[in-house]
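Biologist: I am new to this structure. Could you show it to me and take some questions?

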Amino acid sequence: MSDKPLVIYPEYFDLNLKRSEGRKVPINIAVKKPNIEEILEIVKALGSDVLKSSKSHPSNWHLELGSINLFYKGTKVSLLHKIGKELKNIRKTD
């Protein structure tokens, strides 16, 4: 595990963004307008130490969506996929 925390931005899961604009998950697990609170709940459920930050994605700094810093034992890609799938599940039940 790295000394530096992983940084997770809501943009990583935004269906309306292209990969070149910051989306990091496949379209099939992306959602419209993900918010930091939803992601925070999912990450807390995974049992990770989490810190919410006001720092925004570099390409969308003006939107002030925030970010999450956490330590995770697996890869960042695997974590993003877990979060994306859970976001999709949460949105289906709403």
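The questions below go from strands to core to charged pairs.

Modeller: This is a predicted model, in which local features need pLDDT of at least 70, side-chain atom pairs count only at pLDDT 80 or more, and totals for chains, interfaces and linings use all residues. Residues are numbered from 1 along each chain as its sequence is written, and side-chain values use heavy atoms, with hydrogens and water left out.

Biologist: Which strand holds N69?

Modeller: Helices (H or I, at least four residues) and strands (E, at least two) are DSSP runs, numbered from the N terminus. Residues 67-70 form one such strand, and N69 lies in it: β3.

Biologist: Is N69 buried or exposed?

Modeller: Buried means under 20% relative accessible area, exposed over 50%, and partly exposed in between (1.4 Å probe, protein chains only). S67 and N69 point one way from β3, while I68 and L70 point the other way. The relative accessibility of N69 is 18%, so N69 counts as buried.

Biologist: Which residue of strand β1 is the bridge partner of N69?

Modeller: Two strands pair if DSSP finds at least two bridges between them. Strand β1 (residues 6-8) is joined to β3 by three bridges, and the two run antiparallel. The partner of N69 there is V7.

Biologist: And which residue of strand β2 is the bridge partner of N69?

Modeller: Strand β2 (residues 50-53) also runs antiparallel to β3, with four bridges joining them. Contact means heavy atoms within 4.5 Å, and N69 touches residues including V7, V50 and L51. Of these, the bridge partner in β2 is L51.

Biologist: Which backbone nitrogen does the side chain of S53 reach?

Modeller: S53 is in strand β2, and it is buried because its relative accessible area is 16%. Leaving aside neighbours within four places in sequence, S53 is in contact with G66, S67 and N69. At 3.1 Å, its side chain reaches the backbone nitrogen of K55.

Biologist: Which element gives the most to the largest nonpolar core?

Modeller: A nonpolar core is a set of buried Ala, Val, Leu, Ile, Met, Phe, Trp, Tyr and Cys residues joined through side-chain atoms within 4.5 Å. The largest has 20 residues, and I68 and L70 are among those with the most contacts inside it. α1 (36-45), β3 and α2 (76-93) each supply at least two of its residues. With five residues, the one that gives the most is α1.

Biologist: How are the planes of Y9 and Y12 arranged?

Modeller: Rings of Phe, Tyr and Trp (its six-membered ring) pair if their centres lie within 6.5 Å; planes under 30 degrees apart count as stacked, over 60 as edge-to-face and the rest as tilted. The structure holds two aromatic pairs. For Y9 and Y12 the centres are 5.5 Å apart and the planes are at 85°, which is edge-to-face.

Biologist: Which residue forms a salt bridge with E37?

Modeller: A salt bridge is a side-chain nitrogen of Lys or Arg within 4 Å of a carboxyl oxygen of Asp or Glu. The count comes to two. For E37, the closest N and O atoms are 2.4 Å apart, and the partner is K52.

Biologist: And which residue forms a salt bridge with E38?

Modeller: E38 counts as buried because its relative accessibility is 15%. The pair links helix α1 to helix α2 across 53 residues. With closest N and O atoms 2.8 Å apart, the partner of E38 is R91.

Conventions:
Polar contact = N/O pair within 3.5 Å; in protein donor to acceptor, adjacent residues only side chain to side chain.
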